[in-house]
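Please walk through this structure with the sequence at hand. We go from a helix to the cores, then to a pocket and a few loops.

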Amino acid sequence: MKQAIAKKNKIVTIEEALKHINDGCTLMYGGFGGVGTPPTLIQGILNKGVKELTLIGNDAGFPDIGIGRLVSDERAKKVIASHIGSNPNAGRLMNEGKLEVEFSPQGTLAERIRAGGVGLGGIFVDIGIGTIAEEGKDKIVIDGKEYLIETALTSEVSVVYAKKADPLGNLVYDKSARNFNPLAAMAGAFTIAEVEEIVPAGELDPECIATPGIYVDMVIPTKGVNWKWAWE
């Protein structure tokens, strides 16, 4: 049994994890305004100098918090999010033509990511019908009602932040820090989890595991949040 577990050990160093995040890749991230976003991985991406990223997540963070640190440092060429208002740098770069931004309503965005994670091609929504949001999108009529076809979202790499993990990659999240993390973990072709605590296999309560290890390829221990929260 120990040998079997050892072969499935997904715990690696930050250096090993960063080998999978390179210029031009599509990077999906968990988090909501920075809460639940992996700080050590973001710092590692900055240190490595990765650029031309396509970022997919709920928001653009704050200027110096969460994924906003990558946006502010102009490491992204495109952001797919529900809003960018908390990060003025994102709006400025968008207006200057340096950052492409694709908006989705928050619920639609979450469902597009979930759809990608479970292998669907897209979802049907009536949000945006009759507005500029329908421009360039296909439509379908079901039972006499018109819907927009919203394509599913996936990524080459997903980065998530969890409270606990075991060597098999099973993840437990901390309250509201769970937010987009389980969805992002499912939708990545390669998923890296940054965690606060690593426990032996078998110690996690199965009822508390939100992301099964089958969705996680690597686990790294966090060095802790390295930014000051906006409300502090």
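**From helix 6 outward**

Helix 6 is followed by Gly119, and the phi of Gly119 is positive, near 90°. This is a predicted model. Helix 6 itself covers residues 106-117. A length check is simple. At 1.5 Å a residue, its twelve residues should span 16 Å, and the end C-alpha atoms are 17 Å apart, so the two values agree. The buried residues of helix 6 are Thr108, Leu109, Ala110, Arg112, Ile113, Ala115, Gly116 and Gly117. An α-helix has 3.6 residues a turn, so residues three or four places apart point the same way.

Now turn to the cores. The largest nonpolar core has 33 residues. Within it, Ile21, Leu27, Leu55 and Ile192 touch the most other members. Helix 3, residues 39-48, gives the most to this core, with four residues. A second core is separate and has 21 residues, including Ile56, Ile80, Ile113 and Leu153. Ile113 is also one of the buried residues of helix 6.

What does Ile192 touch, leaving out residues up to four places away in sequence? Its contacts include Ala17, Ile21 and Leu41. Val157, Ser158, Val159 and Val160 are also touched by Ile192. Met218 completes the list.

Helix 3 deserves its own look. It is mostly covered, with seven of its ten residues buried. These are Pro39, Thr40, Leu41, Ile42, Gly44, Ile45 and Leu46. Leu41 is among the contacts of Ile192. Just after helix 3 comes Gly49, with a positive phi of about 85°.

Helix 3 also leads to the largest pocket. The pocket volume is about 160 Å³. Which helix supplies the largest share of the lining? Helix 3 does, with six residues. Helix 2, residues 14-18, and helix 3 each supply at least two. The lining runs through Ile14, Leu18, Pro39, Thr40, Gln43, Gly44, Asn47, Lys48, Lys223, Gly224 and Asn226. By class, three of these lining residues are nonpolar, six are polar and two are charged. Pro39, Thr40 and Gly44 line the pocket, and these three are also listed as buried in helix 3.

Next, the loops. Asp23 sits in the loop between helix 2 and strand 1, residues 26-29. Its relative accessibility is 45%, so Asp23 counts as partly exposed. Leaving out residues up to four places away in sequence, Asp23 touches Gly49, Val50 and Lys51. Gly49 is the residue with positive phi just after helix 3. Asp23 and Thr154 are 131 residues apart in sequence, and their C-alpha atoms are 17 Å apart in space.

Two glutamates close the tour. Glu52 lies in the loop between helix 3 and strand 2, residues 53-56. Its phi is near 60°, a positive value in a residue other than glycine. Is Glu52 buried, exposed or partly exposed? Its relative accessibility is 42%, and buried means under 20% while exposed means over 50%, so Glu52 counts as partly exposed.

Glu74 lies in the loop between helix 4, residues 68-72, and strand 3, residues 76-81. The phi of Glu74 is near 60°, again positive in a residue other than glycine. At 41% relative accessibility, Glu74 counts as partly exposed.

How values were computed: Residues numbered from 1 in each chain as written. Predicted model: local features only at pLDDT ≥ 70, side-chain atom pairs only at ≥ 80, totals over all residues. Heavy atoms only, no water. Core = buried A, V, L, I, M, F, W, Y, C linked by side-chain atoms within 4.5 Å. Buried < 20%, exposed > 50% of the residue type's maximum accessible area, 1.4 Å probe, protein only. Contact = heavy atoms within 4.5 Å. Expected span 1.5 Å × (residues − 1). 1 Å grid on protein atoms, 1.4 Å probe; cavity = no way out; pocket = protein on both sides within 12 Å on 5 of 7 lines; lining within 4 Å. Points joined across faces, edges and corners; volume = space filled by probe spheres on them. Nonpolar A, V, L, I, M, F, W, Y, C, P; charged D, E, K, R; others polar.
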